[in-house]
Amino acid sequence: MKIAFMGLGAMGYPMARNLSPHHEVVVWNRTTAVAERHSSEAGTALARRPDELSDCEIVISILPTSREVDEVVDHLLPEIAAGTLWIDATSGDPSSSRATAERLLQKDVRFLDAPVSGGVPGAEAATLTFMVGAAEDDFTRARPLLELMGRRIVHVGPVGAGHAIKAITNSMMAANLWVASEALVAMRRQGFDMKVALDVINGASGRSNVTENLLPKRVIAGEWPLTFKLGLLDKDVRIAANLVHELHLASPLLALTSQLYTAATTSLGGDADYIEVLRYVAALNGDTDAWRE
Ligand code: NDP
């Protein structure tokens, strides 16, 4: 099957690599040098312009936001073949996805939203969770492809539902990260050893994926890789906050989480790694040297 893959960022690069042994994969990336590297490392074919992808049966996009997805839809729309299935793995906006699906349907192209969870390690190991918003027959068509990149493929509802549930679950992670950061800053101030602190948290009721997997790598191992941009997490929390606002739901903690992440993103810049929130919370409390030694 000929598959167009658009967006070779932290997630897209390994996801496209996992598809390439099984299908004819043509990659496009805004910065062509990245696509050239992918082509030579993973044996994928290379497109220099999005409109070179219009004869593919499947298009997969994973870009920062729905805005960039709409831009590439604009490029492909005039030439795209009827019957194409567009799988958008971006953590996007539910209402934008529904509008995009309508736009593509005019050309007899089906669209589904399939955002992912599992981070860069999950993308590399093909163990991602996909949350799919789609019509039943489109889900059935996409599923075997998603299984080459992920382990848990969940059909959560119609188009837009994947993006909605992804934004909400990621905002839970964002709140967990913030509260765990406050906890570690408080424990550090009292002189607790951070390994002991995390051991206790992870053996008790305050534990989460953040304390079990994300913080030990930074706080204990001293490794601070860039895996997920803070600006992208800020975007996810904002999508969730807007969604619950439109539903007239009282969700004060989500609203506050959104405000905190917007402030952190303004201060640190959207390209900082999201776990920099820990250092940001320390700095709010006058400790600008925390976890920099
Ligand atoms: P990256 O910032 O690493 O990569 C972004 C990709 O989008 C790059 O290929 C970049 O191209 C491309 N891009 C950026 N701007 C444009 C534009 N204007 N037009 C066309 N292409 C553009 O992001 P991630 O891979 O981390 O994230 C991608 C999506 O996946 C986001 O929606 C994110 O929220 C989500 N996600 C990320 C996770 C993570 O752990 N990183 C986990 C789960 C979901 P270029 O090389 O030219 O910059």
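# Close-up views of a predicted model

**View 1. Strand β5 pairs with β4 through I60 and I87.**
I60 has I87 as its bridge partner in β5. The chain leaves β4, passes through helix α3 (residues 66–76) and arrives at β5. This β-α-β crossover is right-handed (clockwise from the first strand over the helix to the second, with the strands pointing away from the viewer). Strand β4 covers residues 58–61. Four bridges join β4 to β5, and the two strands run parallel. Strands pair here if DSSP finds at least two bridges between them. Helices (H or I, at least four residues) and strands (E, at least two) are DSSP runs, numbered from the N terminus.

This is a predicted model, in which local features need pLDDT of at least 70 and side-chain atom pairs count only at pLDDT 80 or more, while totals for chains, interfaces and linings use all residues. Residues are numbered from 1 along each chain as its sequence is written, and side-chain values use heavy atoms, with hydrogens and water left out.

**View 2. Strand β5 also pairs with β6.**
Strand β6 covers residues 110–113. Four bridges link β5 to β6, again in parallel. Across this pairing, I87 faces L112 of β6. Helix α4 (residues 94–105) sits between the two strands in the chain path: β5, α4 and β6 form a right-handed β-α-β unit.

**View 3. The side chains of β5 point two ways.**
Strand β5 spans residues 85–88. L85 and I87 point one way. W86 and D88 point the other way. All four are buried (under 20% relative accessible area; exposed is over 50%, partly exposed in between; 1.4 Å probe, protein chains only).

**View 4. D108 and H248 are non-glycine residues with positive phi.**
D108 has a phi of about 60 degrees, a positive value, although it is not a glycine. Its place is the loop between α4 and β6. D108 counts as partly exposed because its relative accessibility is 48%. H248 also has a positive phi of about 60 degrees, and H248 is not a glycine. It lies in the loop between α10 (230–246) and α11. H248 counts as exposed because its relative accessibility is 73%.

**View 5. D271 lies in a loop and touches residues far back in the chain numbering, among them L226.**
The loop that holds D271 runs between α11 (252–268) and α12 (276–284). D271 counts as exposed, at 58% relative accessibility. Leaving aside neighbours within four places in sequence, its contacts are L226 and K229 (contact means heavy atoms within 4.5 Å). The C-alpha atom of D271 is 6.2 Å from that of L230, and these two residues are 41 apart along the chain.

**View 6. V154, V156 and I165 make a nonpolar surface patch.**
The patch measures about 190 Å², an accessible area from the Shrake-Rupley method with a 1.4 Å probe, where for residues only the protein chains shown count as cover. Patches are made of residues with over 30% relative accessible area and no salt bridge; like charges are joined within 9 Å, and nonpolar side chains (Val, Leu, Ile, Met, Phe, Trp, Tyr) within 5 Å. V154 belongs to strand β9 (residues 150–157). V154 counts as partly exposed because its relative accessible area is 31%.

**View 7. Two salt bridges sit within helices.**
A salt bridge is a side-chain nitrogen of Lys or Arg within 4 Å of a carboxyl oxygen of Asp or Glu. By this rule the count is 17. K195 pairs with D199, with closest N and O atoms 3.7 Å apart. K195 and D199 are separated by about one helical turn because they are four residues apart in helix α8 (residues 194–202). K195 is partly exposed, at 46% relative accessibility. In helix α12, R279 pairs with E276, with closest N and O atoms 2.8 Å apart. R279 and E276 are three residues apart, about one turn of the helix. R279 is buried, at 12% relative accessibility. E276 is buried too, at 15%.

**View 8. Further salt bridges include a pair and a network.**
The side chains of K217 and E223 form a salt bridge, at 3.1 Å from N to O. K217 is partly exposed, at 35% relative accessibility. E223 is also partly exposed, with a relative accessible area of 40%. Elsewhere, salt bridges link R49, D51 and E52 in a network.
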